[in-house]
Amino acid sequence: MAHRVLVLNGPNLNMLGTREPQTYGTQTLADIETLCIAEGKALGLDVTCRQSNHEGDLVTWIQEAMGQYEALILNPGAYSHTSVAIHDAIRATGLKVIEVHLSNIHAREPFRHHSYVSAVAAGVICGLGATGYKLALTAIADKR
Ligand code: CA2
């Protein structure tokens, strides 16, 4: 397998850069995806980016990633806090997943403090904005 990495973003992350800049920053999703592709290239990783507002799309893409990607960087958005289906998909595929959140979910409302994804992730990065995606790519490249 070439060093392929899938970057998946969940619900409402397509709204980045339009509202709530104090929480999520000013960069758009397109900016973050461009950053991931460029950073990946610099690290020798072939990065593909996808976003969906639908839980089932994310589950399907995680399933399809098995055997196709070396690792997955996942910001599940609000599904982090609700989705047993995404947890199960990650567990079923055995994919290496790094969970990324732009905001520090532990410094926010209590309902954001628990993520169903964290227990099946190799690592979790939160609160560092778009830099979190770069750090996740670096972690994948370092462990290759
Ligand atoms: O901090 C993160 O990256 C989150 O995954 C973002 C999710 C939130 O539900 C999680 O608790 C933490 C929400 C993304 C919403 O993005 C927006 C961007 C601009 C305007 C409105 C929403």
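## Model confidence

Within the protein chain, confidence reaches its lowest mean, 95, in helix H1 (residues 21-24), and its highest, 99, in strand E3 (residues 71-75). The structure is a predicted model. Across the protein chain the mean pLDDT is 97, and 99% of the residues attain 70 or more. Where pLDDT is low, predicted coordinates should not be read in detail.

## Location and surroundings of the ligand

The ligand occupies the largest pocket. A total of 16 residues surround the ligand; those that come nearest are Asn75, His81, Leu102, Ser103 and Arg112.

Sorted by class, this shell comprises seven nonpolar residues, six polar residues and three charged residues.

## Polar contacts and burial

Two of the residues that come nearest to the ligand, His81 and Arg112, also place polar side-chain atoms beside ligand oxygen atoms. For His81, the distance from a polar side-chain atom to an oxygen atom of the ligand is 2.7 Å. For Arg112, the corresponding distance from a polar side-chain atom to a ligand oxygen atom is 2.8 Å. Ala78 contributes through its backbone: a polar backbone atom of Ala78 lies 3.4 Å from an oxygen atom of the ligand.

The ligand taken alone exposes 510 Å², and the protein buries 95% of that area.

Conventions
Residues are numbered from 1 along each chain as its sequence is written. This is a predicted model: local features need pLDDT of at least 70, side-chain atom pairs count only at pLDDT 80 or more; totals for chains, interfaces and linings use all residues. Side-chain values use heavy atoms; hydrogens and water are left out. pLDDT is the predictor's confidence in each residue, from 0 to 100. Helices (H or I, at least four residues) and strands (E, at least two) are DSSP runs, numbered from the N terminus. A residue is near a molecule or strand if one of its heavy atoms lies within 4 Å of it. A polar contact is a pair of N or O atoms within 3.5 Å; within protein, one must be able to donate a hydrogen and the other to accept it, and residues adjacent in sequence count only if both atoms are side-chain atoms. Accessible areas come from the Shrake-Rupley method with a 1.4 Å probe; for residues, only the protein chains shown count as cover. On a 1 Å grid over the protein atoms alone, a cavity is a set of points where a 1.4 Å probe fits but cannot get out, and a pocket is an open set with protein on both sides within 12 Å along at least five of seven lines; lining residues have an atom within 4 Å of a point. A molecule sits in a cavity or pocket if more than half of its atoms lie within 2 Å of its grid points. Ala, Val, Leu, Ile, Met, Phe, Trp, Tyr, Cys and Pro count as nonpolar, Asp, Glu, Lys and Arg as charged, and the others, Gly among them, as polar.
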